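Please open the model in a viewer with the sequence panel beside it. The tour below proceeds by selection, from one element to the whole chain.

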Amino acid sequence: DRAPFPLWTLLLVLPFAALDLGWAAAAWLAFSLCVLGGGMLLLINVYSPKPLPVAEFALVALFTFTYRAVLVSMNNGQITFLLFLILALFLWLVRRKRPFLAGFILSFVILKPNAFVLFVPAFGLWLLWQRRWPIVAGAAAGGLTMLLASWLVLPGWLFEWLNVTGKTEVSAITPTVWGLAHEIWPEWWAALGLAFVVGVTAVLGLIIFRNDHLTENEVMPLALIASLLTTPYAWVYEHLLLLIPSILIFLAIRRRGTAVFVWLLLVFVLPWGTFWLAESRASDTFTVLVPLISGGIFYQTKIFQSKTEVTRLLWERFQKSSGN
């Protein structure tokens, strides 16, 4: 009565289903750890201005693999690891100037659609607005490929799957703005949650559509954070995707002492602090603070400072031209 996964996702994991259950679980977890490490290395490779010192790399690796959402996903056998690799690979391909292939890879986020309810329309509209036609074409080609392949296996499955409404139910106990709304105003939590969703969407729109200097490197993680805040159905294991903006923040901060402090705050203090809070309250709704604070720090580090830098360079150019 819920069936959150579309048919193309089930086809993807079919090789694991052919194994004995114990071996399948072991193979899936090994695969998950490999794609987590692979995604981490891709982000470091393309966003680190210079090779990371051994101590910094060890710090990133240690707290990536012991991140709360990673351990929860390992325990539950989640597919979020693969989504992490997909998004990291998208950013890597964009920086390598392979836009069509980047878009094709990005389309695979619909392996688990619930975490990308806001991400897909927001980021998709931004790509169209910025006329990133190769990425759009690649994403369309990837989506069509998955649809055709799954349709050949089971014609008409999509309409049956869309009729399963259990997967779209809004929960009042999730670490999203919906759960936060229930904590603030239990009697009218649905209306307050909807207001929060409108607010987050409006803020995201103002940021990404009013700052022309932004690229996929800033807009994609920001849209991801906003989507994790507002999705009707998401749990802590979805927060594994927050490692992407966290790693980008760590690599972007020039003062390495500050970078280490912020990294530990985002991947250790906040997630495990909210875990302790959830244990004591028997409710995980306040874990919404993790994407909320991550979004604020990402904006300050990657967007506000970038905007300030652009303004400074334009002013210097103006002064130089005036002097001439």
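Which are the buried residues of helix 4? Select Glu56, Leu59, Val60, Ala61, Phe63 and Thr64, which are buried, meaning under 20% relative accessible area with a 1.4 Å probe and protein chains only. This is a predicted model, in which local features need pLDDT of at least 70, side-chain atom pairs count only at pLDDT 80 or more, and totals for chains, interfaces and linings use all residues. Residues are numbered from 1 along each chain as its sequence is written, and side-chain values use heavy atoms, with hydrogens and water left out.

Next, select the whole of helix 4, residues 54–65; helices here are DSSP runs of H or I with at least four residues, numbered from the N terminus. Its 12 residues reach 16 Å from first C-alpha to last, close to the 16 Å expected at 1.5 Å a residue, where the expected span is 1.5 Å times one less than the number of residues. Then add its cover: helix 3 (21–47), helix 5 (68–76), helix 14 (243–252) and helix 15 (256–281) are among the elements over its buried residues.

Move now to Gly193, in helix 12 (residues 189–209). Gly193 counts as buried because its relative accessibility is 0%. Leaving aside residues up to four places away in sequence, Gly193 touches Val177, Trp178 and Ala181, a contact being heavy atoms within 4.5 Å. A distance label between the C-alpha atoms of Gly193 and Phe57 should read 39 Å.

Finally, display the entire protein, with 16 helices and zero strands. Its C-alpha trace spans about 70 × 45 × 45 Å along the principal axes.

Terms used: Helix = DSSP H or I, 4+ residues; strand = E, 2+ residues; numbered from the N terminus. Buried < 20%, exposed > 50% of the residue type's maximum accessible area, 1.4 Å probe, protein only.
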